Amino acid sequence: MALIPAMTLFLAAMVILLLVVSDDADAQSYTSPHGGFSSSTQLCTLCHTIHEAPGNRLLKEMPESTLCFTCHNGTGSVYNIQVQMDMDPAANAMHPIKVNLPHNPGIYNYTPVTTANLAPPGPYDCSFCHNPHGDSGYGSLLRWPYDTSEYVTYGGGMGNDPYETCWNCHSSSTITSDMTYFLHRYHIKRAKASCAACHYSPHGVANSELVRFNPLYVAGSTSLNSGPTYVDNGDHSGNCTLSCHGVDHNPYSY
């Protein structure tokens, strides 16, 4: 008769164990380590270590971008940010992110125009713009809005600004009043072109001024059957050969 209570306790223990394992298995089924999983997940250990972490916030790698690149180098994520940042800042354009890469030691040159006399020169960690846990925020884990639609109505910063992410470093009043590039105001306010139409890869591009055209919205010049291309002539002048928003630039000089 004593075997019955023992068997009952054994079966009860097995049920509890199965529930715990099942819950943890569900937690591990998520494809992203950026949040949305249960409190029993082990995915936290992909980025954090409890003991002897080399960085603050118990991060496993430093600088912070090194940790991000363990996935965002084309191996664990479809977003290969490392290749966009692994370029010489002296010859290419990229945002000032703390990196330590073969072609980019994280050394940047700044001018007042770079940040429109607003932001400190950096460099910044990835988490300045992104919330790595993804529990709140906007698309691409951004902490603030950044509308990448083809047409965006800009209301001058009233309410939920569609480019609030940009204005954390760049001056909205300076850029939308053409003090940096005299067609910024036209493109943003009148043509309703998103910043992402011309600055498609905000991490880094093999070009000046972070110009890379969004292939969803920008095509080659229809009359010249070439492009899209951008030529920087210095001192905020250059030309574009492309077709965008129904307008052919063949080329358009500014």
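This report describes side-chain pairs, a strand hairpin, nonpolar cores and a few single residues in a predicted model.

**Aromatic pairs**

A search of the whole structure finds six aromatic pairs. One of them joins Tyr154 and Trp167 in an edge-to-face arrangement, with 6.4 Å from centre to centre and 75° between the planes. This pair links distant parts of the chain, since Tyr154 sits in the loop between strand S1 (93-94) and helix H4 (164-167), while Trp167 belongs to helix H4, 13 residues apart. Both Tyr154 and Trp167 are buried. The two residues also take part in a wider arrangement, in which ring pairs link Tyr146, Tyr154, Tyr163 and Trp167 into a cluster.

**Salt bridges**

The count of salt bridges comes to two, and the table below sets them side by side.

| Basic residue | Acidic residue | N to O distance |
|---|---|---|
| Arg57 | Glu64 | 2.7 Å |
| Lys98 | Asp125 | 3.9 Å |

Lys98 and Asp125 both lie in the loop between S1 and H4, so their salt bridge ties together parts that are 27 residues apart in sequence. In the pair of Arg57 and Glu64, is each partner buried or partly exposed? Arg57 counts as partly exposed because its relative accessibility is 47%, whereas Glu64, at 6% relative accessibility, counts as buried. Lys98, in the other salt bridge, has a relative accessibility of 35% and therefore counts as partly exposed.

**The hairpin of S5 and S6**

Strand S5, which covers residues 237-244, pairs with strand S6, which covers residues 247-253, in the antiparallel sense and over five bridges. Within this pairing, Cys240 of the hairpin stands opposite Tyr252 in S6. Two residues lie between the strands of the hairpin, and His245 takes a positive phi near 55° there. As a general point, the side chains in a regular strand alternate between the two faces of the sheet.

**Nonpolar cores**

The largest nonpolar core is made up of twelve residues, among them Tyr181, Ala197, Phe213, Tyr217, Val218, Cys240, Leu242 and Cys244. Which strand gives the most to this core? It is S5, with three residues. Apart from this core lies another one, of ten residues, including Ile81, Met87, Met94 and Tyr108.

Ala197, a member of the largest core, touches Arg212, Phe213, Asn214, Tyr217 and Val218 when residues up to four places away in sequence are not counted. Asn214, one of these contacts of Ala197, lies in the loop between strand S2 (204-205) and strand S3 (218-219). Because its relative accessible area is 3%, Asn214 is buried. On the same basis of leaving out residues up to four places away in sequence, Asn214 touches Ala196, Ala197 and Tyr200.

**Glu61 in its loop**

Glu61 is found in the loop between helix H1 (3-28) and helix H2 (64-68). With a relative accessibility of 33%, Glu61 counts as partly exposed, because buried means under 20% and exposed means over 50%. Setting aside residues up to four places away in sequence, Glu61 touches Pro54, Thr66 and Leu67. Glu61 and Thr49 are twelve residues apart in sequence, and their C-alpha atoms are 9.6 Å apart in space.

Conventions. Residues numbered from 1 in each chain as written. Predicted model: local features only at pLDDT ≥ 70, side-chain atom pairs only at ≥ 80, totals over all residues. Heavy atoms only, no water. Phe/Tyr/Trp six-rings, centres within 6.5 Å; stacked < 30°, edge-to-face > 60°. Helix = DSSP H or I, 4+ residues; strand = E, 2+ residues; numbered from the N terminus. Buried < 20%, exposed > 50% of the residue type's maximum accessible area, 1.4 Å probe, protein only. Salt bridge = Lys/Arg side-chain N within 4 Å of Asp/Glu carboxyl O. Pairing = 2+ DSSP bridges. Core = buried A, V, L, I, M, F, W, Y, C linked by side-chain atoms within 4.5 Å. Contact = heavy atoms within 4.5 Å.
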